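Grab your viewer and work through a few exercises on this model. Try each task on your own before reading the solution.

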Amino acid sequence: MRNFRVAAIDQGTTSSRCMVFDQDGAIVALARREHQQIFPRPGWVEHDAAEIWTNVKAVTAEALAQAGMRASELAAVGITNQRETTVVWDPLTGKPLANAIVWQDTRTDALTREIGGEQGPDRLRALCGLPLATYFSGPKLRWLLDNTPGLRARAAAGGALFGTMDSWLIWNLTGRHITDVTNASRTMLMNIDTLDWDNRLLEAIGVPRAILPEIRASSEIYGEGRGVLAGASVAGALGDQQAALFGQACFSPGEGKCTYGTGGFLLVNTGQEPVISDNGLLTTVAYKIGDQPAVYALEGSIAVAGSLVQWLRDNLGLIGASGEIEALARTVEDNGGCYFVPAFAGLFAPYWRSDARGVIAGLTGFINRGHIARAALEATAWQVREVVDAMAADSGVPLVRLKVDGGMTANTLLMQFQADILNTPVVRPTVAETTCLGAAYAAGLATGVWSDPESLRANWRKDAEWSPNLSADARAHGYRKWKKAVQATLDWVDDDD
């Protein structure tokens with residue numbers, strides 16, 4: 001194959017990007033466009049899937065123009081996406097039948113408790129690897145079926161299609177109704193062992209099989225692109241966090257990474273057998289290459305990380321741009337005793353408490369803008385610390401090094417604080433945006449650009465490393481105060497809210 005350039009479309013929570021990579025995993029071109037965040041009610045978060053598709057077409061065309069090539073000259077195209085966000089559309093018109101319900105949305109809180117019944121949030125965990133929570137796609141789809149006039153009847157008759165954002169893009173690009181196994185594992189509708197839709201899960205959640213896409217491997221040719229990608233092979237898809245794991249070359253059991261984006265996500269490869277967590281983590285599919293056995297992961301999901309910085313910018317006007325947060329936080333020596341727990345949509349791992357809401361604790365007359373900024377950055381690091389502790393409890397193996405990626409890793413104050421409170425080195429690769437890279441790798445493996453996952457390890461290079469530099473007493477004191485602040489968030493939502 002003469003042309004080894006591979007494109008990746010990254011459809012994220014706040015923006016859509018297209019990147020083109022060469023065979024060494026270096027970035028050739030990049031284009032990005034944000035989309036609207038829709039907040040109809042407190043706790044509700046929606047996206048316009050049609051706007052997202054328009055943006056994806058635009059950034060793809062722009063990236064190809066930057067790279068000076070036509071789509072047909074690409075070796076392959078991979079897709080990565082915000083995972084649990086739920087879309088329904090008309091297969092004849094191609095138009096969305098409702099706004100997409102975003103993974104952060106909490107409107108299904110009462111519904112998930114109803115489904116759990118007396119058995120509670122773990123009722124379906126043995127089948128799907130997940131607790132009943134507002135996070136996942138299945139209850140979101142059930143809500144749409146129950147609350148969108150005529151949708152349930154249309155779905156039963158084949159007049160509506162469901163998908164996460166990967167399915168929405170693949171359908172628009174190829175005309176095929178497909179999802180990959182990693183995204184399917186986030187719906188609560190797929191059996192974690194059989195890797196197929198499970199009738200027991202469909203019945204419990206109340207979703208008809210007719211609306212669901214076909215589940216395929218993460219790395220295989222799905223079809224030929226059309227429109228903006230005419231002539232290109234669409235050949236890979238991974239949920240964004242699994243794509244980052246893939247892009248970080250975590251192909252052996254015990255290898256893991258943490259992505260700092262809109263939320264925070266720590267994944268550790270557990271091999272070819274699913275591990276059910278006893279400590280609030282998620283059992284998920286890491287990837288599946290062609291006909292090879294699936295590889296699983298344990299995941300700790302944090303709802304609010306980079307989005308807290310955006311909130312300080314957009315809702316409070318504390319900063320004018322997200323990149324200003326570090327400079328503001330450095331105007332003070334420490335957090336001044338202030339702790340910020342951003343439970344805007346409840347708490348994810350390891351608590352899974354949808355009744356929690358955000359708090360800023362420890363306020364005194366001494367606290368200023370700098371302390372708030374520093375506490376906001378530290379909030380992400382403390383949440384990661386809790387997930388790392390849960391991982392160690394489940395695996396029995398302490399973390400010796402944390403690979404990191406995502407936009408927030410550019411914040412050196414945050415990365416140093418993360419190393420300090422983990423008492424573990426933190427390492428960032430040369431290509432920090434590894435979600436796109438992982439999607440490109442998956443597509444390139446399917447089309448022969450790369451021979452096998454092990455051949456990709458040579459592309460991984462260290463860009464920066466932070467070593468811990470905090471006393472054990474200071475670390476323990478800060479963690480104790482963080483835990484006290486977390487307790488203040490619980491039981492905030494009442495039944496009549």
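## Exercise 1: A charged surface patch

At 45% relative accessibility, Asp494 counts as partly exposed, where buried means under 20% relative accessible area, exposed over 50% and partly exposed in between (1.4 Å probe, protein chains only). One heads-up: this is a predicted model, so local features need pLDDT of at least 70 and side-chain atom pairs count only at pLDDT 80 or more, while totals for chains, interfaces and linings use all residues. Residues are numbered from 1 along each chain as its sequence is written, and side-chain values use heavy atoms, leaving out hydrogens and water.

Task: find where Asp494 sits and which negative surface patch it helps form.

Solution. Start with the place: Asp494 is in the segment after helix H15 (472-487). Then look at the patch, which is formed by Asp494, Asp495, Asp496 and Asp497. Patch members need over 30% relative accessible area and no salt bridge, and like charges are joined within 9 Å.

## Exercise 2: Helix H13

Task: work out why helix H13 (residues 412-422) is described as largely enclosed, and check what happens at its two ends.

Solution. Count burial: 9 of the 11 residues of H13 are buried, so the rest of the structure largely encloses this helix. Among them are Leu413, Phe417, Asp420 and Ile421. Helices here are DSSP runs (H or I, at least four residues), and strands are too (E, at least two).

Now the ends. Asn411 caps the N-terminal end, with a side-chain oxygen 3.2 Å from the backbone nitrogen of Leu413. Just after H13, Asn423 takes a positive phi of about 55°.

## Exercise 3: Salt bridges

Task: take the pairs Arg83 with Asp240, Asp146 with Arg142 and Arg200 with Asp198, and sort out what each one links.

Solution. The criterion is a side-chain nitrogen of Lys or Arg within 4 Å of a carboxyl oxygen of Asp or Glu. Searching the whole structure gives 30 salt bridges.

- Arg83 and Asp240 meet at 3.5 Å, N to O. Arg83 lies in the loop between strand S5 (76-81) and strand S6 (87-89) and Asp240 in helix H9 (residues 240-247), so the pair ties together parts that are 157 residues apart in sequence. Both Arg83 and Asp240 are buried.
- Asp146 and Arg142 meet at 2.6 Å, N to O. They are 4 residues apart in helix H4 (residues 137-147), which means a separation of about one helical turn. Asp146 is partly exposed at 43%, whereas Arg142 is buried at 15%.
- Arg200 and Asp198 have their closest N and O atoms 2.9 Å apart. Arg200 is exposed at 51%, but Asp198 is buried at 7%.

As a last step, follow shared partners: Arg83, Glu84, Arg186, Asp240 and Glu299 are joined into one network of salt bridges.

## Exercise 4: A buried polar side chain

Task: which backbone oxygens does the side chain of Asn269 reach?

Solution. Asn269 is in strand S14 (residues 264-271) and is buried, at 2% relative accessible area. A polar atom of the Asn269 side chain lies 3.1 Å from the backbone oxygen of Cys250. The backbone oxygen of Phe251 is reached at 3.5 Å.

## Exercise 5: Unusual backbone angles

Task: what is the peptide bond from Ala349 to Pro350, cis or trans, and what is phi for Trp352 and Met188?

Solution. The Ala349 to Pro350 bond is cis, with omega near -5°. Pro350 is in the loop between strand S17 (339-341) and strand S18 (359-361). Trp352 lies in the loop between S17 and S18, and has a positive phi of about 55°. Met188 has phi near 70° and is buried at 0%.

Conventions. Patch = residues over 30% accessible without salt bridge, like charges linked within 9 Å, V, L, I, M, F, W, Y side chains within 5 Å. Areas by Shrake-Rupley, 256 points an atom, 1.4 Å probe, with all protein chains shown as cover. Lys, Arg positive; Asp, Glu negative; His and termini not counted. Charge placed at Lys NZ, Arg CZ, Asp CG, Glu CD. Polar contact = N/O pair within 3.5 Å; in protein donor to acceptor, adjacent residues only side chain to side chain.
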